[in-house]
Amino acid sequence: DFDDLIRGKNLGSGISGTVRKVKHSKTNLYFALKSMSVDSEHSPAKTIIADIKSLYQCTSPYITTFHEAYFRDGQISILMEYMDYGSLEDLFNRYVLKRHKKIPENILSGIFRQALHGLQYLHEKRHIIHRDIKPGNILINSKGNVKLTDFGMAGETLTTIAQLNTFQGTVTYMSPERIKGLSHSFDCDIWSLGLSLVQCHTGEFPFKCVSEDSETTNFFDLLQ
């Protein structure tokens, strides 16, 4: 029951909603609760539907588990699996920004191997292009499991060779064809994953002219 959820700390926020850690009072189990406003211009109904549909249909150990969805007070809330180590972005911030150390290669290889399994499942089994692969959408738990999350920008296709022309996702991790507004397919996720890997391995974003804050990125520098 939605009323049995005890709200905890804020785990993150973005244009597609906010995520909060919650505890189910009757079972003492922890979950992640993603809330999105239905009437927000940044969260149109089709984006919310894509998020819920993608999560509900995915049954892979490399994709976050969907449990339930609720609608209340103008918001849709999605109850998802809680990953207690946070995201790859959190790991990057702990190692690189605070400790001034690079993430060890053996750790990165384990993380990205599982992330690739997640993309393989999305691309080959579900025929879904994620379109927003970035460190913040790669989650980790204390058992060493790595799972992809946040399918608000996902595009489902009828075949693995279908192309999409919509301009969505986090601009700094977009593939060249997406930035140029050209048709794109599953390999755009591989580009985004590759940028994430380079950033975590070297300790800095690979394109010097681009800010890591997507809200202040100079689009024309990125395009060049």
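These exercises walk through one predicted protein model, each with a worked solution.

Residues are numbered from 1 along each chain as its sequence is written. In this predicted model, local features need pLDDT of at least 70 and side-chain atom pairs count only at pLDDT 80 or more, totals for chains, interfaces and linings use all residues, and side-chain values use heavy atoms, with hydrogens and water left out.

**Exercise 1. The whole chain**

Task: State how many helices and strands the protein chain has, and what share of its residues is buried.

Solution:
- Start with the elements. Helices (H or I, at least four residues) and strands (E, at least two) are DSSP runs, numbered from the N terminus. The protein chain has six helices and nine strands.
- Next, burial. Buried means under 20% relative accessible area, exposed over 50%, and partly exposed in between (1.4 Å probe, protein chains only). Of the 224 residues, 44% count as buried.
- Then the surface. The chain exposes about 12000 Å², by the Shrake-Rupley method with a 1.4 Å probe. Carbon and sulfur atoms supply 52% of that area.
- Last, contacts, meaning heavy atoms within 4.5 Å. Take those between residues at least 6 apart in sequence: 57% of them join residues at least 24 apart.

**Exercise 2. Helices H3 and H5**

Task: Find how H3 and H5 are oriented to each other, and which residues meet.

Solution:
- Locate the helices. H3 covers residues 105–125 and H5 covers residues 187–202.
- Read the geometry. Axes are lines fitted to C-alpha atoms, for helices over the stretch in contact, and angles run from 0 to 180 degrees between N-to-C directions. The two helices pack at about 170°, with axes 11 Å apart.
- Classify the angle. Under 35 degrees counts as roughly parallel, over 145 as roughly antiparallel, 65 to 115 as roughly perpendicular, and the rest as oblique. H3 and H5 are therefore roughly antiparallel.
- List the residues. H3 brings Glu-105, Leu-108, Phe-112, Ala-115, Leu-116, Leu-119 and His-123. H5 brings Asp-189, Ile-190, Leu-193, Ser-196, Leu-197, Cys-200 and His-201.
- Sort them. Ala, Val, Leu, Ile, Met, Phe, Trp, Tyr, Cys and Pro count as nonpolar, Asp, Glu, Lys and Arg as charged, and the others, Gly among them, as polar. The contact of H3 with H5 has nine nonpolar, three polar and two charged residues.

**Exercise 3. Helices H2 and H3**

Task: Repeat the analysis for H2 and H3.

Solution:
- The axes come within 13 Å and cross at roughly 170°.
- H2 and H3 are therefore roughly antiparallel.
- Leu-88, Leu-91 and Tyr-95 of H2 make the contact with Ile-107, Ile-111 and Phe-112 of H3.
- The sorting gives six nonpolar, no polar and no charged residues.

**Exercise 4. Three buried residues**

Task: Place Val-96, Ile-63 and Ser-192, and name what each one touches. Skip neighbours up to four places away in sequence.

Solution:
- Val-96 lies in helix H2 (residues 88–98). Val-96 counts as buried because its relative accessibility is 12%. Its contacts are Lys-101, Lys-102 and Gly-203. Its C-alpha atom is 8.7 Å from that of Glu-204, 108 residues apart along the chain.
- Ile-63 sits in the loop between helix H1 (45–57) and strand S4 (66–72). Its relative accessibility is 1%, so Ile-63 counts as buried. Ile-63 touches Cys-58, Glu-81, Gly-118, Tyr-121, Leu-122, Lys-147, Leu-148 and Phe-151. The C-alpha atoms of Ile-63 and Val-146 are 8.1 Å apart, across 83 residues of chain.
- Ser-192 is in helix H5. At 4% relative accessibility, Ser-192 is buried. Ser-192 touches Ile-133 and Tyr-173.

**Exercise 5. Positive phi in two loops**

Task: Decide whether Asn-28 and Arg-131 are buried, partly exposed or exposed.

Solution:
- Asn-28 lies in the loop between strands S2 (17–24) and S3 (29–37). Its phi is near 65°, a positive value in a residue other than glycine. At 47% relative accessibility, Asn-28 is partly exposed.
- Arg-131 lies in the loop between strands S6 (128–129) and S7 (138–140). Its phi is near 70°, again positive in a residue other than glycine. At 6%, Arg-131 is buried.

**Exercise 6. Cysteines**

Task: Count the disulfides, then check the burial of Cys-58 and Cys-200.

Solution:
- A disulfide is a pair of cysteine sulfur atoms within 2.5 Å. The structure holds zero.
- Cys-58 is buried, at 9% relative accessible area.
- Cys-200 is buried too, at 1%.
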